[in-house]
Amino acid sequence: MTDNVSLVSGVAKRYASALLGLAEDEGVTADVERDLTAFEGMIAESDDLDRLVRSPVFSAEEQLAALSALLDKAGISGLASNFVKLAARNRRLFVLPDMIKSFRVLLAEQRGEATAEVTSATALSDEHVAALKEALTASTGKSVNIAATVDPALIGGLVVKVGSRMIDTSLRTKLNSLKFAMKEVG
């Protein structure tokens, strides 16, 4: 399993790096970022599109035809559209979500930014996001973008990931630690 993860990660980084280089050469980095973000949102909203992207059952031709129509209808064109189609032609479409994330990470590094993945039990208010962003910016020394998600299973608290660092202050983790400690005692 670990070998597959590193293989996918390596492929994603290579494709993302090539895309970033092309986008810079053509001066369309912001357009590519916008279009890939829109496509990523479409994948998140549609189970059928997610299945099309991840399933090896569909042929490259079927994936390419479906994606071409979808990209045209969504108004995604140019380099981002060609990139998605290339991934389909090369049978690497299942790696596309990781390619988009890698592209975003490379772009953020280039800009001197960091992205913090923040998971909370309930949606964070704008004030909480601003305070968290300020604290993380002070801690990392970089401008920090917040990617917030909600997971009610956390019960309370936060899980914050910035790069390879993770801070887990969730109530779920604290209760699990307490349960483990109680088992050792008794």
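The largest pocket in this predicted model has a volume of about 1100 Å³. Rolling a probe the size of a water molecule over the atoms shows where empty space is left. A pocket here is an open set of points, on a 1 Å grid over the protein atoms alone, where a 1.4 Å probe fits, with protein on both sides within 12 Å along at least five of seven lines; lining residues have an atom within 4 Å of a point. The volume is the space filled by probe spheres set on the points, which are joined across faces, edges and corners.

Among the 32 residues lining the largest pocket, Lys101, Val105, Thr115, Glu117 and Gly163 are the closest to its centre. Two or more lining residues come from each of helix 1 (2-26), helix 6 (96-111), strand 1 (113-120), strand 2 (143-150) and strand 3 (158-162). Helices (H or I, at least four residues) and strands (E, at least two) are DSSP runs, numbered from the N terminus.

The second largest pocket holds about 160 Å³ of space. Its lining includes Glu40, Asp50 and Lys101. Here is how the two linings look side by side.

| Pocket | Volume | Residues from helix 6 | Lining residues by type |
|---|---|---|---|
| Largest | about 1100 Å³ | ten residues | eleven nonpolar, nine polar, twelve charged |
| Second largest | about 160 Å³ | four residues | four nonpolar, no polar, five charged |

In this table, Ala, Val, Leu, Ile, Met, Phe, Trp, Tyr, Cys and Pro count as nonpolar, Asp, Glu, Lys and Arg as charged, and the others, Gly among them, as polar. Helix 6 gives the most to the lining of the largest pocket and also the most to that of the second largest pocket.

Now for the strands, which pair if DSSP finds at least two bridges between them. Strands 1 and 2 run parallel and are joined by eight bridges; Ala114, for instance, has Val144 in strand 2 as its bridge partner. Strands 1 and 3 run antiparallel, with five bridges, and Glu117 is partnered by Lys161 in strand 3.

Let's finish with one residue of strand 3, Leu158. Is Leu158 buried or exposed? Leu158 is partly exposed, because its relative accessible area is 22%, and partly exposed lies between buried (under 20%) and exposed (over 50%), using a 1.4 Å probe and protein chains only. Among the residues that Leu158 touches (heavy atoms within 4.5 Å) are Val118, Leu132 and Ile167.

Residues are numbered from 1 along each chain as its sequence is written, and side-chain values use heavy atoms, leaving out hydrogens and water. In this predicted model, local features need pLDDT of at least 70 and side-chain atom pairs count only at pLDDT 80 or more, while totals for chains, interfaces and linings use all residues.

Definitions and conventions: Lists of a residue's contacts leave out its neighbours within four places in sequence.
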